[in-house]
Amino acid sequence: MKVKTRKHVLLSFLVILLGTILFSVQTVLPGNPAGDTTGQTTASQVQNNQQPDPQNSSSQAQTNSEALSYYEQGLKLYYQKDLNQALTLFNKALSLDPNCYQALNAKGATYAFQGRHTEGIDLIKQALTLKPDFEYGHFNLGLANELAGNWNTAISAYQTALRYDSRDAWAYYGIASIYGRQGNVDQTVTYLKQAIDIEPDARETAKAEHDFDPVRKSAKFQALLKPASSTSGANTASSSEKTSSIPVLYYHSVLTQKGNALRVPPEQFEEQMRYLAEHGYNVITIAQLEQHIKGAGQVPPKPFVITFDDGYEDNYTKAFPILQKYRFVATVFMVSDFINGKGYLSAEQLLALQSAGWTIGGHSATHPEFNKVKPEVFTAELKVSTEKLKNILGQDIVYYAYPFGKYNDGMIKELQKEGYRMAFTTKKGWINSRQNLFLLPRVNCYADMGMDEFIKRVTNPDY
Ligand SMILES: [Zn+2]
């Protein structure tokens with residue numbers, strides 16, 4: 001276990017600053033893990049915050065900033081392990097502003113260190129109720145559960161923290177240290193490597209950490225603790241090879257209808273998502289997948305992508321609430337003429353999904369079998385459908401799924417001309433960086449496939 005170190009003090013202040021701003025302007029976005037849509041709003045608001053207008057500052061804002069200043073002082077003491085003094089200051093902050101979620105969170109972590117685990121976890125949960133996207137809160141929830149010995153809960157909280165900040169080295173480290181105590185060499189090394197890649201100090205910390213004693217003698221762990229220059233060989237290659245292959249799941253409808261393989265009953269769908277969440281899988285967006293294939297950007301451990309073809313209404317009414325529960329996002333490949341049709345997504349629902357972090361891609365205007373019609377039909381449908389989606393969503397449409405999985409060279413050229421950057425087939429398999437961006441395979445998920453088959457498909461690239 002490890003408290004976030006000095007660098008993270010700075011980071012958490014930034015988070016606090018952004019958090020305060022978001023809180024004060026009431027623009028808390030529902031369940032948008034990456035937080036990338038908030039970047040622009042906050043940049044301008046930061047300036048406002050730095051130059052407050054004394055005449056306009058309300059008493060509410062003053063209370064808040066006074067509470068925050070007690071919190072910040074307390075946090076310094078917390079990092080110095082002066083827990084009693086820190087607690088006094090967190091309490092002061094909370095007496096001024098009972099909704100100061102930063103102080104609730106820090107008080108909770110302090111309690112956890114003092115052995116008052118249950119109370120501590122409750123306080124952190126209160127903070128997260130006030131501010132569900134508070135990364136530091138999810139981190140501390142992991143820490144407090146780790147201290148309480150609730151290892152599975154701790155891992156899942158750290159993983160949530162990583163969804164908000166995929167560069168939080170100490171969240172990777174926390175997961176690694178739990179696997180270390182469990183004697184799980186592979187998982188320990190996977191997560192600790194992520195931590196060290198981001199924060200080289202983690203290597204030194206790990207050397208002295210007793211949590212890793214059960215795995216310390218293993219060759220893999222020893223290799224990881226050697227200085228960077230000597231680990232750039234086989235070890236790194238094999239682990240990057242491992243994450244370079246990613247499953248893209250594809251579904252159609254999430255609804256109960258006996259005998260229809262395209263409609264996965266919501267209970268089955270939920271069981272599959274729960275499996276992924278509980279086994280350390282991390283959803284990534286299709287844009288993150290694209291970056292990864294192109295060799296840029298980092299992906300979390302055990303990454304996967306969820307896609308839905310055609311745009312059934314139940315993607316919003318059934319699948320969306322389930323995915324929100326696990327903080328997963330997905331992509332819908334929408335047939336543009338089906339928008340607002342009976343049983344299909346409305347323009348409003350598409351927009352709601354988009355603002356929750358989902359991606360909307362193209363899937364033709366009328367869903368023909370393009371191998372059976374003239375090439376001009378594809379070109380015309382591509383233009384019309386792209387335009388329509390673009391108008392509704394106010395964003396460029398750059399990802400495509402071929403209807404019925406049918407494609408040819410001419411179609412690929414048209415897609416590229418129209419500005420598309422990736423296209424998905426229905427070919428079986430995981431995606432690796434050597435694949436053609438316009439011939440990407442996917443993992444089919446169908447009704448009554450059973451959990452054994454599902455697990456096989458998400459754990460084995462050669463299923
Ligand atoms: Zn389709």
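**Helix α15 and the strands around β8**

Just after helix α15, glycine 280 adopts a positive phi of about 80°. This residue offers a handy starting point for a walk through the structure, which is a predicted model.

The helix itself covers residues 266-278, a run of 13 residues. From the first C-alpha to the last, α15 reaches 18 Å, close to the 18 Å expected at 1.5 Å a residue. Its buried residues are Gln268, Phe269, Gln272, Met273 and Leu276. Viewed down the axis of α15, these buried residues fall within an arc of 130°, so they line one face of the helix. A general rule helps in picturing this: an α-helix has 3.6 residues a turn, so residues three or four places apart point the same way. The partners of the buried residues of α15 come from three elements, namely β3 (303-310), α17 (314-325) and α21 (451-459), against which they pack.

Turning to the strands, β8 (residues 440-444) pairs with β1 (residues 248-251) in the parallel sense, over 2 bridges. Here leucine 249 stands opposite valine 443 of β8. Strand β7 (residues 422-428) also runs parallel to β8, and 2 bridges join them. In this pairing, phenylalanine 424 has leucine 440 of β8 as its bridge partner.

Stepping back to the whole chain, the secondary structure amounts to 21 helices and 8 strands. Among the 463 residues, 42% count as buried. Of the contacts in the chain with a separation of 6 or more, 61% link residues 24 or more positions apart.

Notes:
Residues numbered from 1 in each chain as written. Predicted model: local features only at pLDDT ≥ 70, side-chain atom pairs only at ≥ 80, totals over all residues. Helix = DSSP H or I, 4+ residues; strand = E, 2+ residues; numbered from the N terminus. Expected span 1.5 Å × (residues − 1). Buried ≥ 20, exposed ≤ 12 C-beta atoms within 10 Å, placed from the backbone. Arc of directions from axis to C-beta. Contact = placed C-beta atoms within 7 Å. Pairing = 2+ DSSP bridges.
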